[in-house]
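Subject: Structure to look at

Hi,

Here is the structure I promised to pass on. Have it open while you read, and my notes follow underneath.

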Amino acid sequence: MQAGKPILYSYFRSSCSWRVRIALALKNINYETVPINLIKDGGQQFSKEFQALNPMKQVPALKIDGITISQSLAIIEYLEETRPTPRLLPQDPEKRALVRSISDLIASGIQPLQNLSILRQVGQENQLAWAQKVINSGFNALEQILQSTAGKYCVGDEVSMADLCLVPQVANAERYKVDLTPYPTINRINKSLLALEAFQVSHPCRQPDTPAELRA
């Protein structure tokens, strides 16, 4: 099954790439990073070479077990199915549905609406207000859901795929200067998760392609 070391095509600041980096860290999978700079040279994701890997021209993409997978949640589900320890999807079908629902809320309902490609469409002067509006709209719903699902983390007391989506999205919110005061549950879970090693080693400030001034 193993065909050499897995290769992650990633951009340090990409929240979708960060989700996968957390999964790889939690599951203790040793991998190599190939940085794809989304800004430089007009965006390296548009190169012919990268387009052959992912026709959507987005990071992340993961080469593993002789195949290439794109879309962060599909990658995490594949890792879960092939390397089930530690578990990122609960065994209980109801909890599993909650984890997937929260993951999709973030991955489909918030992040794409404030992604680089969309922000370029709304124009420089409107970018901050637009990003804040879509993140606040999603976080209002998410806070309400988490109040009934959360234990220490998003769903109960075990780290799940939902948590892998939450932390990068909170980082995006901070980057776009969203006031997080109205979201105490999101805030609390985020702080607990950032204390875990897998969330620290995968952090955008500690990647091979992190610019020197943003390193920590």
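Following the chain along its sequence, you meet the pattern β-α-β-α-β-β-α-α-α-α-α-α-α. That comes to 9 helices and 4 strands, where helices (H or I, at least four residues) and strands (E, at least two) are DSSP runs, numbered from the N terminus. The radius of gyration is 17 Å, close to the 17 Å that the globule rule gives for 216 residues, so the chain is as compact as a globular protein of that length. (The radius is taken over C-alpha atoms, and the rule is 2.2 Å times the number of residues to the power 0.38.)

Before you go further, two housekeeping points. This is a predicted model, in which local features need pLDDT of at least 70 and side-chain atom pairs count only at pLDDT 80 or more, while totals for chains, interfaces and linings use all residues. Residues are numbered from 1 along each chain as its sequence is written, and side-chain values use heavy atoms, with hydrogens and water left out.

Now the overall picture. The C-alpha trace spans about 45 × 45 × 30 Å along its principal axes. Of the 216 residues, 47% count as buried; that means under 20% relative accessible area, with exposed being over 50% and partly exposed in between (1.4 Å probe, protein chains only). The chain exposes about 10,700 Å², and carbon and sulfur atoms supply 52% of that area. These areas come from the Shrake-Rupley method with a 1.4 Å probe, and for residues only the protein chains shown count as cover. Among contacts (heavy atoms within 4.5 Å) with a separation of 6 or more, 65% are between residues 24 or more positions apart.

As for charge, there are 23 positive and 20 negative side chains, and the centres of the two sets lie 4 Å apart. Lys and Arg count as positive and Asp and Glu as negative, while His and the chain ends are not counted. Each charge is placed at NZ of Lys, CZ of Arg, CG of Asp or CD of Glu.

Next, a good helix to click on: α3, residues 72-82. It is mostly covered, with 8 of its 11 residues buried. Those are Ser72, Leu73, Ile75, Ile76, Glu77, Tyr78, Leu79 and Glu80. What do they pack against? The partners are α1 (15-26), β3 (61-64), β4 (67-70), α4 (93-109) and α7.

Helix α7 (residues 161-175) is where you'll find Leu164. This leucine is buried, at 0% relative accessible area. Leaving out residues up to four places away in sequence, Leu164 touches Arg19, Ile22, Ala23, Leu26, Ile76, Leu88, Val159 and Phe199. Leu164 and Arg21 are 143 residues apart in sequence, yet their C-alpha atoms are 9.1 Å apart in space.

What about disulfides, meaning pairs of cysteine sulfur atoms within 2.5 Å? The structure holds 0 of them. The sulfur of Cys16 has its closest cysteine sulfur in Cys165, 8.5 Å away, which is too far for a bond. Both cysteines count as buried: Cys16 has 14% relative accessibility, and Cys165 has 1%.

Finally, some backbone oddities. Most residues other than glycine have a negative phi, and most peptide bonds are trans. Where are the cis bonds here? One runs from Val59 to Pro60, with omega near 5 degrees, and another from Thr85 to Pro86, with omega near -10 degrees. Pro60 sits in the loop between α2 (48-53) and β3, whereas Pro86 is in the loop between α3 and α4.

Pro60 deserves a second click. It is buried, at 3% relative accessibility. Its C-alpha is 5.1 Å from that of Ser10, although the two are 50 residues apart in sequence. Beyond four places away in sequence, Pro60 touches several residues, including Cys16, Val20, Gln71 and Ile75.

That list leads to the positive phi values. Gln71 has one of about 75 degrees although it is not a glycine; its place is the loop between β4 and α3, and it is partly exposed at 43%. Asp65, in the loop between β3 and β4, has a phi near 55 degrees. Is Asp65 buried or exposed? With a relative accessible area of 13%, Asp65 is buried.

Cheers

Key: Disulfide = S-S within 2.5 Å.
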